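Work through the exercises below with the model open in a viewer. Try each task before reading its solution.

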Amino acid sequence: MQEFQKDFAWLRQTVISQQLCTRCGICAGVCPAKAIEFDQQNFPVLSGRCTSCGFCGECCPGADVNLPALAQELSDKEDTRSPLGHIESAYVAHAADTQTRRAGTSGGLITALLLFLLSAGQIDGAIVVEADPERQHLTRGILATSPAAISNAAQSKYCVTPSMAALRDIRIRKGRFAVAALPCQVHGLRKLAHVDPKLSGKIAVILGLCCSCTMSGEAWQEALRAAGIQREDVASFEFRGGGWPGGMFVRKKDGTTVPLHPNEAYGTVVNAMFRLFGPERCRLCVDGTSALADLSFGDFWAFDYADEFSRMECCTQVFQRTAKGRDILQSAEQAGAVVLYSLPAAKISARTLAMIRGKRSRAAVQMAKRRQRGLPNPDYHAAIQEPSLNDRLKNLPADLFDLLRKNAALRSGILKILFSPLITPLHKLRMRFFVRHHNR
Ligand SMILES: Cc1cc2nc3c(=O)[nH]c(=O)nc-3n(C[C@H](O)[C@H](O)[C@H](O)COP(=O)(O)OP(=O)(O)OC[C@H]3O[C@@H](n4cnc5c(N)ncnc54)[C@H](O)[C@@H]3O)c2cc1C
């Protein structure tokens, strides 16, 4: 067996203590000794004896991801260096089944594909993220092996979830499995192929989510407190409930439903919360579209379009990147499980392009700040530009939020404003003056 050097002590010293841990969970998922668990904030901790096999450190995407080399392994096309990654074809799509479509985040496409793959015998289960049954405002990764468990895990959870820990369950089972993953998790999964090919070989397909940012777990505890809702009263928490485009909802044990804000203000609320509760490592991430996945999925904002795409509300934007991804989309469409509309490259959502540009600009600024403080940055094996004046100006609101986010009372005050009637005029103001229009 190949020998690796990066054991848990290396991980603790080089990644966790340097605030480079993505909390993706892959270290725990690949540990053959099952010696890694998580603390209250979902950071990995050693709970058993480290055998120094090095699997955890070698798969970790926190400090080192060779993006060009991993992209090259998927495709030798020149456009692998595009910020969107290599895309063979793009679609606007939705689940054929209305219930699955409505229960999903965008068009329910990921859930529909997983249900199709399971029923067709192409997979034996999938790693997905569900609400934690003990604490409904928090989330956990599971290996779902039944249609009910897959459907129950639909919808985006904007909450740090070390869901790749569920690779432990894949290790001990026979079969082939799909994985729904954020960009950082996809990076770890691609590294896994070089570390533990047997485990990696059980992964039938990687379904990557677009991701601008996520939030640490305390975001939801503080949100509930600011909204005056007791945790014990919460039956379920929806991050994108209430129909497209959705918003944050609390369903209480007494049967009542409490929307935390009007759905139309969702963008402003979630944006402010990302700034208040976005983990340090997310702010250093340069991959907004899961560029190394087989298929990548994001929201499709129909109201940005003036042509036939303007009618495609409640849909998912899909990037097909690999032959495996193409086969799955084609067979699911032929079986009538999903509905696909071809999206020409020139029509790819301007909002997605703005998100990835914003993410890269934010990473450039944050990395420059860390360099000044003598802190290490993730090594992507690709030149990260020094931030331009424009980058620094664009990130001024983030600097302001950086000051505010350190103070619990100020955070609580901002959340109270976000969940008050003031949010509607504030949202309109933001849309009018600060957010560029994305009409196509
Ligand atoms: C933290 C986060 C940030 C996002 N940011 C953007 C963005 O900026 N722009 C954009 O276009 N899209 C973003 N998305 C993706 C978008 O919200 C939808 O997930 C995507 O459009 C797929 O929708 P769907 O209806 O096809 O998926 P669904 O059918 O709703 O299925 C979603 C699948 O993803 C799994 N999942 C949910 N949360 C997580 C998680 N945290 N980690 C891993 N798997 C998870 C679910 O268990 C489910 O299997 C983000 C998603 C997340 C979780």
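The exercises that follow concern a predicted model.

**Exercise 1. The eight-stranded sheet**

Task: Find the order of the 8 strands in the open sheet, and say which strands stand at the edges.

Solution:
- Step 1. Read across the sheet. The order is E5-E4-E6-E7-E11-E12-E3-E13.
- Step 2. Check the directions. The pairing is mixed.
- Step 3. Look for strands with a single partner. These are E5 (139–144) and E13 (338–342), so each has one side without a neighbour in the sheet.
- Step 4. Take the twist. Neighbouring strands are turned by 30° against each other on average, with direction ignored.

**Exercise 2. Pairing around strand E7**

Task: Determine in which sense E7 pairs with E6 and with E11, parallel or antiparallel. Then do the same for E11 and E12.

Solution:
- Step 1. Take E6 and E7. They pair in the parallel sense, over 5 bridges. Within this pairing, Ala180 has Leu207 in E7 as its bridge partner.
- Step 2. Move to E7 and E11. They also run parallel, joined by 3 bridges. Here Leu209 stands opposite Phe297 in E11.
- Step 3. Go on to E11 and E12 (residues 316–320). This pair is antiparallel, with 5 bridges. Leu295 has Gln320 in E12 as its bridge partner.
- Step 4. Add the helix. H9 (residues 183–195) packs on the sheet and touches E6 and E7. The direction of H9 makes about 155° with that of E7.
- Step 5. Count burial in E7 (residues 203–209). Of its 7 residues, 6 are buried, so the strand is mostly covered; buried requires 20 or more other C-beta atoms within 10 Å.

**Exercise 3. The three-stranded sheet**

Task: Identify the edge strands of the open sheet of 3 strands.

Solution:
- Step 1. Write the order: E8-E9-E10, with antiparallel pairing.
- Step 2. Pick out the edges. E8 (234–241) and E10 (257–259) each have a single partner strand, so one side of each lacks a neighbour in the sheet.
- Step 3. Take the twist. From one strand to the next it averages 20°.
- Step 4. Inspect one pair. E9 (residues 247–252) and E10 run antiparallel and are joined by 3 bridges. Arg251 has Thr257 in E10 as its bridge partner.

**Exercise 4. The ligand shell**

Task: Which of the 32 residues around the ligand come nearest?

Solution:
- Step 1. List the nearest residues: Gly104, Thr111, Val128, Ser212 and Gly298.
- Step 2. Find the elements that give two or more residues to the shell. They are helix H6 (109–119), strands E4 (125–131), E6 (177–181) and E11 (295–299), and helix H14 (350–372).
- Step 3. Sort the shell by class. It holds 15 nonpolar, 15 polar and 2 charged residues.

**Exercise 5. Helices H11 and H17**

Task: Describe how H11 (residues 218–226) and H17 (residues 408–418) cross. Then decide whether Ala408 is buried or exposed.

Solution:
- Step 1. Fit the axes. They come within 9 Å and cross at roughly 65°.
- Step 2. Assign the hand. The crossing is right-handed.
- Step 3. List the contact. Glu222, Ala223, Arg225 and Ala226 in H11 meet Arg411, Ser412, Leu415 and Lys416 in H17. By class, this gives 3 nonpolar, 1 polar and 4 charged residues.
- Step 4. Turn to Ala408, which lies in H17. Ala408 has 10 other C-beta atoms within 10 Å, and exposed means 12 or fewer, so Ala408 is exposed.
- Step 5. Check a distance. Gly278 is 130 residues from Ala408 along the chain, and their C-alpha atoms are separated by 15 Å.

Key: Residues are numbered from 1 along each chain as its sequence is written. This is a predicted model: local features need pLDDT of at least 70, side-chain atom pairs count only at pLDDT 80 or more; totals for chains, interfaces and linings use all residues. Two strands pair if DSSP finds at least two bridges between them. Helices (H or I, at least four residues) and strands (E, at least two) are DSSP runs, numbered from the N terminus. Axes are lines fitted to C-alpha atoms, for helices over the stretch in contact, and angles run from 0 to 180 degrees between N-to-C directions. A residue is near a molecule or strand if its C-beta atom, placed from the backbone, lies within 6 Å of it. Ala, Val, Leu, Ile, Met, Phe, Trp, Tyr, Cys and Pro count as nonpolar, Asp, Glu, Lys and Arg as charged, and the others, Gly among them, as polar. A crossing is left-handed if the near helix is turned anticlockwise from the far one by less than a right angle, and right-handed if clockwise. Two residues are in contact if their C-beta atoms, placed from the backbone, lie within 7 Å.
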